[in-house]
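Student: I would like a close look at a single part of this protein, the nonpolar core, and at how the elements around it are arranged. Please take it slowly and connect each residue to its surroundings.

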Amino acid sequence: MTEQKKIKVTLVKSLIGTIESHRACAHGLGLRRREHTVEILDTPENRGMINKISYLLKVES
């Protein structure tokens, strides 16, 4: 079984005042509050959500 690459994502800006679909993307990535960091799998679906709300995030490989 191969190890899948992971990405570390941190929410650096607040979700207050953002579009509902952007808030849904943040929750879909598992981000709950500002400065919360999660490690997620590097999949096309997750990349799409990251690209959509890139202005709210800090991303590390």
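Tutor: What follows goes from the chain as a whole to the sheet, then to the core and to some residues around it. The model is a predicted one, and the description should be read with that in mind.

The protein chain holds two helices and three strands, and from the N terminus on these elements run in the order β-α-β-α-β. Its radius of gyration is 11 Å, close to the 10 Å that the globule rule gives for 61 residues, so the chain is as compact as a globular protein of that length. Along the principal axes, the C-alpha trace spans about 40 × 20 × 15 Å. Of the 61 residues, 31% count as buried, and the accessible surface of the chain comes to about 4300 Å², with 50% of that area belonging to carbon and sulfur atoms. As for how the fold is connected, 72% of the contacts between residues at least 6 apart in sequence join residues that are at least 24 apart.

The sheet is a good place to begin the approach to the core. It is an open sheet of three strands in the order 2-1-3, and the pairing is antiparallel. Strand 2 (37-41) and strand 3 (57-60) are the edge strands, each of which pairs on one side only, and from one strand to the next the twist averages 30°. In general terms, strands of a sheet pair through backbone hydrogen bonds, either parallel or antiparallel. Here, strand 1 (residues 6-11) is joined to strand 3 by four bridges and to strand 2 by five bridges, running antiparallel to strand 2. Individual pairs can be picked out on both sides of strand 1: Lys8 stands opposite Glu39 in strand 2, while on the other side Val9 has Val59 of strand 3 as its bridge partner, and Thr10 stands opposite Lys58 in strand 3.

Now to the core itself. The largest nonpolar core has 14 residues, of which Val9, Leu29, Leu31, Ile40, Ile50, Ile53 and Leu57 touch the most other members. Two or more residues of this core come from each of strand 1, helix 1 (20-28) and strand 2, and strand 1 gives the most, with three residues. As a general background, nonpolar side chains in soluble globular proteins tend to be buried together.

Two of the core residues named above repay a closer look. Leaving aside neighbours within four places in sequence, Ile50 is in contact with Ile7, Val9, Leu29, Ile40, Leu57 and Val59. Ile53 is placed in the loop between helix 2 and strand 3, and with a relative accessible area of 0% it is buried, because buried means under 20%. With residues up to four places away in sequence not counted, Ile53 touches His22, Cys25, Ala26 and Leu29; Leu29 is thus named among the contacts of Ile53 and also among those of Ile50. For a sense of distance along and through the fold, the C-alpha atoms of Ile53 and Gly17 are separated by 13 Å, although these two residues are 36 residues apart along the chain.

Some residues outside the nonpolar set also touch core members. Asn46 is found in helix 2 (residues 44-52), and it counts as buried because its relative accessibility is 15%. Its contacts, again without residues up to four places away in sequence, are Leu29, Ile40 and Leu41, and of these Leu29 and Ile40 are listed among the core residues that touch the most other members.

His36 and Glu35 complete the picture. His36 has its place in the loop between helix 1 and strand 2, and its relative accessible area of 16% means that it is buried. It touches Val9, Thr10, Leu11, Gly30 and Leu31, not counting residues up to four places away in sequence; among these, Val9 and Leu31 are again listed with the core residues that touch the most other members. Glu35 lies in the loop between helix 1 and strand 2 as well, but at 48% relative accessibility Glu35 counts as partly exposed. The backbone of Glu35 also deserves attention, for its phi is near 65°, a positive value in a residue other than glycine.

Methods. Residues are numbered from 1 along each chain as its sequence is written. This is a predicted model: local features need pLDDT of at least 70, side-chain atom pairs count only at pLDDT 80 or more; totals for chains, interfaces and linings use all residues. Side-chain values use heavy atoms; hydrogens and water are left out. Two strands pair if DSSP finds at least two bridges between them. Axes are lines fitted to C-alpha atoms, for helices over the stretch in contact, and angles run from 0 to 180 degrees between N-to-C directions. A nonpolar core is a set of buried Ala, Val, Leu, Ile, Met, Phe, Trp, Tyr and Cys residues joined through side-chain atoms within 4.5 Å. Buried means under 20% relative accessible area, exposed over 50%, partly exposed in between (1.4 Å probe, protein chains only). Contact means heavy atoms within 4.5 Å. The radius of gyration is taken over C-alpha atoms; the globule rule is 2.2 Å times the number of residues to the power 0.38. Accessible areas come from the Shrake-Rupley method with a 1.4 Å probe; for residues, only the protein chains shown count as cover.
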